[in-house]
Amino acid sequence: MDLLTVKNLTVTLATGRGDAAAVRDLSFTVGHGEFLGIAGESGSGKTMTALSLLGLLPHKGRATGSINFDGREILTSSKREYRDLRGKEIAMIFQDPMTSLHPMLTVEVQLTEHLRHHRKVSKDAARQSALELLSTVKIPAPEAALRAHPSQFSGGMRQRIAIAMALACEPKLLIADEPTTALDVTVQAGILKLLHQLRKERNLSVMVITHDLGVLSSLTDRIMIMYAGSEVETASTSDLLQRPRHPYTSGLIAALPGHNDVAKSSSSKRLLSIEGMPPELGNFPPGCAFHTRCNYAIEACKSALPERIQLSESHRIYCPVDPFSGKAGIEVAQ
Amino acid sequence: MRTKPISEEKSQRKRFLSGNGFVPFILRRLLTSILLVFGVTFISFSITQLVPGDPVAANLGQSAYSNPEIVAAFKKQFGLDRPVPVQYVKYVAKLMHGDLGVSLSSKRPVLEDLKEYFPATLEIALVAVFLALVVGLLLGIISAVTRDRLPDQIIRVFSLTGVSMPAFWTALTAFYLFFFVLGWAPGTGRLAPGADPPPTVTGLYTVDSLIAGDFSTFRQAVSYLLLPAIVLAIYAIGVLTRFTRASMLEILGNDYVRAARAKGLSEFTVIRRHVLRPALLSIITVAGVAFSSLLAGSVLVENVFSWPGLGQYAYRAAVGLDLPGIMGVSMVVATVYITMNLIVDILYRVIDPQMRDVS
Amino acid sequence: MKITLKKIKSSKNSNSIWRQPLAVVGVGIIVIWTLLAIFAPWIAPYNPNAQDAAKFLAPSAAHWMGTDELNRDILSRVIFGARISLPYSLLLVALSATLGSIVGAISGYAGGKVDSFLMRVTDVFFAFPGIVLAMAVAAALGPQIRNAVIAITIVAWPVYARLVRGLILNAKQNDYVTASALLGSSSLRTLIVDLRPNLSGPVFVLAALEVGNALLLLSGLSFLGLGAQPPASEWGSMVSLGAENFDRWWVGLFPGLAILTAVLAFNFIGDALRDAMDPRTAKALRD
């Protein structure tokens, strides 16, 4: 049994022009100790997916389907049950540490408040584990750091503090929403290294959400690619990066700097970048949402939702076209 | 009512009062405040001089005004025979020694007048601002937390109504209802006619009667005070409710609030610890400004309740073209405004660690 | 680029003031008052200054709002009152917005010493008890509604000066001003042509928010006897007749309700307009 099993998750947001689906019929799993990457452009629904796991959708949002976490159905949880889950069993790291830490509360308060709330530990015990957490995430002088406010730290240090905050109650699942996007490139490497290390030291399942496939390449076991609220391709990291099958995936990989050593074998050189813009929420094209930007789209793509095609046990795509043969139809396994 | 920080020029003043510590900061602010008070005297002096209007005619009766000797004596007595710039310099020179001049309408030193009238207004204004803070904060928080749902919509209409009611009419309607119809309010003035005010210590009858241990006067002072204070508070309640709601909503949209919720804290804790604290920063500013605007707003309310306060005095001074009186009132209100701003700035430094750390 | 443009458009649509019920109510009330003001002679049942009825008649079928001390029909006076309060408060707002915008534009554009001097002056005006100064000016000029408008304008302009100065300082850092400066257009031209569209929106919204306050101040001065003079049927001075005879509740109640509904309507509209602006401008307006 996987730690997290999401089935047919659909998230709708009420907008000025009626309901719009931000996430459409999404199914995926995260195993115990597994690192899953979810990648897609902004507006692909990846953040809404994460927020629905925590029951933190904006108040105009609604989720349907099924989310099974650690053997329990949680999508139907009450507010209270969700609160007991959040921070304790599922924790989240947000994109921008400059805004996700409270500017007016000390690091100690922010590191210990949920620990004391969930585990009912004493102030001193909470402080002790806060100190340990700070050394785990390699904050120098943890004693002094506890008394400080976030404004006294650099962006990278703040993200380390945010990670420490997320780890405080030893959650089973950690959701990291663009954990490195807001940081300098040099600092990014440090944060990725830290996540690697945590992976080795703790039995932690992690869901990393990003628009940057480069971040995921060294970190995750599997990657799911999303477009306009739907899954388009899922595969093991190496499979996905070396043998992408969906035109959108190839496009993302082609857009990576230095992608040539990854995907030079194929005829994907034409896919240097993806033309156009991702569709706006509430304005997703019919059929395969990607067809408006796809060089391989056939007539069927414009009207019918693409079927799931299982290429191998771990590799599946939602696309009837094989860009590498240029032919429509299913050409399983290369 | 707007928040207007008067401390934009920090960088400019650095040259002669440099340093970012607490004391130089206070000194800098005090210096600007004093300049500001002088600015207030200068502008009220200039404007009332620029517009036509004859204070002599306004303060002397018809027959006295037609007698040139009396007019000349009046002018000499109040220094009105000198050129305007000289009048102003004289005024400022006296001001340095704490002399605010002599009122044309009451013929008494303005300082004496202010000592008598200001506490009366201060008393209702303090009660009003306290009411406004309690009710306004509470309603604003409820409104923000229940955003777009029924309680929010009701509170929004109510608070907007509060800032739309003409204070003089509210005063009149409330007086009719609670005095004439229901008989709950005791009447106009600060105490029952003929009742002796408590021995003056602060000038606030409630405080003074408690000091004197005179509880029946205290109860009476409170009963006379309540209705004007509530009427005065209505506008401020509207302003504070609206402002609290707006700043709460702004804070609620922040990432750090979502992060706090992601920790599984109770909604109460999230609001109290993560939202209210930063929201209070801006609310304090508005409360400070609201207080000084209450002093000015009391003009209309005092008129209806015959409340012998600053507003009534200001009205008489204005109608009598009593320049020393007008300038005295202006200076009191401006000083309160500036002091409030100063206190707010200091509170900012105390509450917001970022300002402390950065500076 | 295409995307961002679209977004702005769509968010404007969804926040359009017509979607806000309170704004619609506000517009409705103002329309009614405007019609009453325009067609007052045909709508009002009596001549507002005719002293034909009896003294202090309570509201009845013949006199819906009763009569006042001078035997005049209050309903007719309230209807005619719209002819004074509405146009004068709009005039007052237009004057102070113009004056304040000019000061703010000079301040923001000139910068340097001119700017700091003008801003110190606005600081002083902010510290001022507006109504005290307005009372003094109105008293000095002589009690007349026109003078009350002048008096309030003198104390009401600084909010606009602050707003316009801030907007200009923001715009100065923007690329398009730099670009047109590079193209060699004169400074005045830059100011007028390039910035006006960016300024007029926020200034208009602030003005809309201030109409209600203007009406309150104006009728307040009239209430104190420093604005419209008898026999003019001005709402504020009608309330003061009620204050003199507070046991005749109808004398003050109805003119006050007229003020309340008009101010409330303007505030409904102003609020909705502010909410329809983009959040940053809205915040600048709130502060």
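Six cavities turn up in this predicted model, since the structure holds 6 cavities of 30 Å³ or more. The second largest cavity has a volume of about 110 Å³. Its lining is made of 13 residues, and those nearest the centre of this cavity are Met92(A), Met165(A), Ala166(A), Ala259(B) and Lys263(B). Two chains therefore share the wall, as at least two lining residues come from each of β6 (90–93) and α7 (155–167) of chain A and from α12 of chain B. By class, the lining of the second largest cavity divides into 9 nonpolar, 3 polar and 1 charged residues.Open space can be described alongside the enclosed kind. Rolling a probe the size of a water molecule over the atoms shows where empty space is left. The second largest pocket holds about 580 Å³ of space. A total of 27 residues line this pocket, with Phe78(B), Leu80(B), Gln87(B), Leu323(B) and Pro324(B) nearest its centre. Among the elements of chain B, α2 (22–50), α5 (68–77), α6 (84–96) and α15 (323–351) each give at least two residues to the lining of the second largest pocket. The lining of this pocket is made up of 16 nonpolar, 7 polar and 4 charged residues.

Attention now turns to the contacts between chains, beginning with chain B and chain A. Here 24 residues of chain B meet 27 residues of chain A. The area buried between chain B and chain A comes to about 2300 Å², and carbon and sulfur atoms give 62% of that area. There are 2 salt bridges across the interface of chain B and chain A. One of the salt bridges joins the side chains of Arg273(B) and Glu113(A), at 2.4 Å from N to O. Between chain B and chain A, 11 residue pairs are in polar contact, with both residues at pLDDT 80 or more. On the side of chain B that touches chain A, two or more residues come from each of α12 (255–262), α13 (267–305) and α16 (353–358) of chain B. That side of chain B has 8 nonpolar, 4 polar and 12 charged residues. Helix α12 of chain B thus appears in two settings: it supplies residues to the side that touches chain A, and it also supplies residues to the lining of the second largest cavity.

The contact between chain C and chain B takes 57 residues from chain C and 56 residues from chain B. About 4800 Å² is buried between chain C and chain B, with 73% of the area given by carbon and sulfur atoms. The interface of chain C and chain B has 2 salt bridges. In one of the salt bridges, the side chains of Asp271(C) and Arg242(B) meet at 2.9 Å, N to O. The count of residue pairs in polar contact between chain C and chain B is 5, with both residues at pLDDT 80 or more. Several helices of chain C supply at least two residues each to the side that touches chain B, namely α5 (112–127), α6 (130–141), α8 (158–173), α10 (187–223), α11 (235–244), α12 (249–276) and α13 (279–286). Helix α12(C) gives the most to this side of chain C, with 14 residues. Sorted by class, the side of chain C that touches chain B has 36 nonpolar, 9 polar and 12 charged residues.

Salt bridges can also be counted over the whole structure. Side chains of opposite charge can pair when their charged atoms come close. Over all chains, the structure holds 28 salt bridges. Within chain A, the side chains of Glu143(A) and Arg127(A) meet in a salt bridge at 3.0 Å, N to O. Glu143(A) belongs to helix α6 (residues 142–147) of chain A and Arg127(A) to helix α5 (residues 123–136) of chain A, and the pair, 16 residues apart, links distant parts of the chain.

Conventions. Residues are numbered from 1 along each chain as its sequence is written. Chains are lettered from A and ligands numbered from 1 in the order in which they are written. This is a predicted model: local features need pLDDT of at least 70, side-chain atom pairs count only at pLDDT 80 or more; totals for chains, interfaces and linings use all residues. Side-chain values use heavy atoms; hydrogens and water are left out. Contact means heavy atoms within 4.5 Å. Buried area is the accessible area (1.4 Å probe) that two parts lose on being put together, summed over both. A salt bridge is a side-chain nitrogen of Lys or Arg within 4 Å of a carboxyl oxygen of Asp or Glu. A polar contact is a pair of N or O atoms within 3.5 Å; within protein, one must be able to donate a hydrogen and the other to accept it, and residues adjacent in sequence count only if both atoms are side-chain atoms. Helices (H or I, at least four residues) and strands (E, at least two) are DSSP runs, numbered from the N terminus. Ala, Val, Leu, Ile, Met, Phe, Trp, Tyr, Cys and Pro count as nonpolar, Asp, Glu, Lys and Arg as charged, and the others, Gly among them, as polar. On a 1 Å grid over the protein atoms alone, a cavity is a set of points where a 1.4 Å probe fits but cannot get out, and a pocket is an open set with protein on both sides within 12 Å along at least five of seven lines; lining residues have an atom within 4 Å of a point. Grid points are joined across faces, edges and corners, and a volume is the space filled by probe spheres set on the points.
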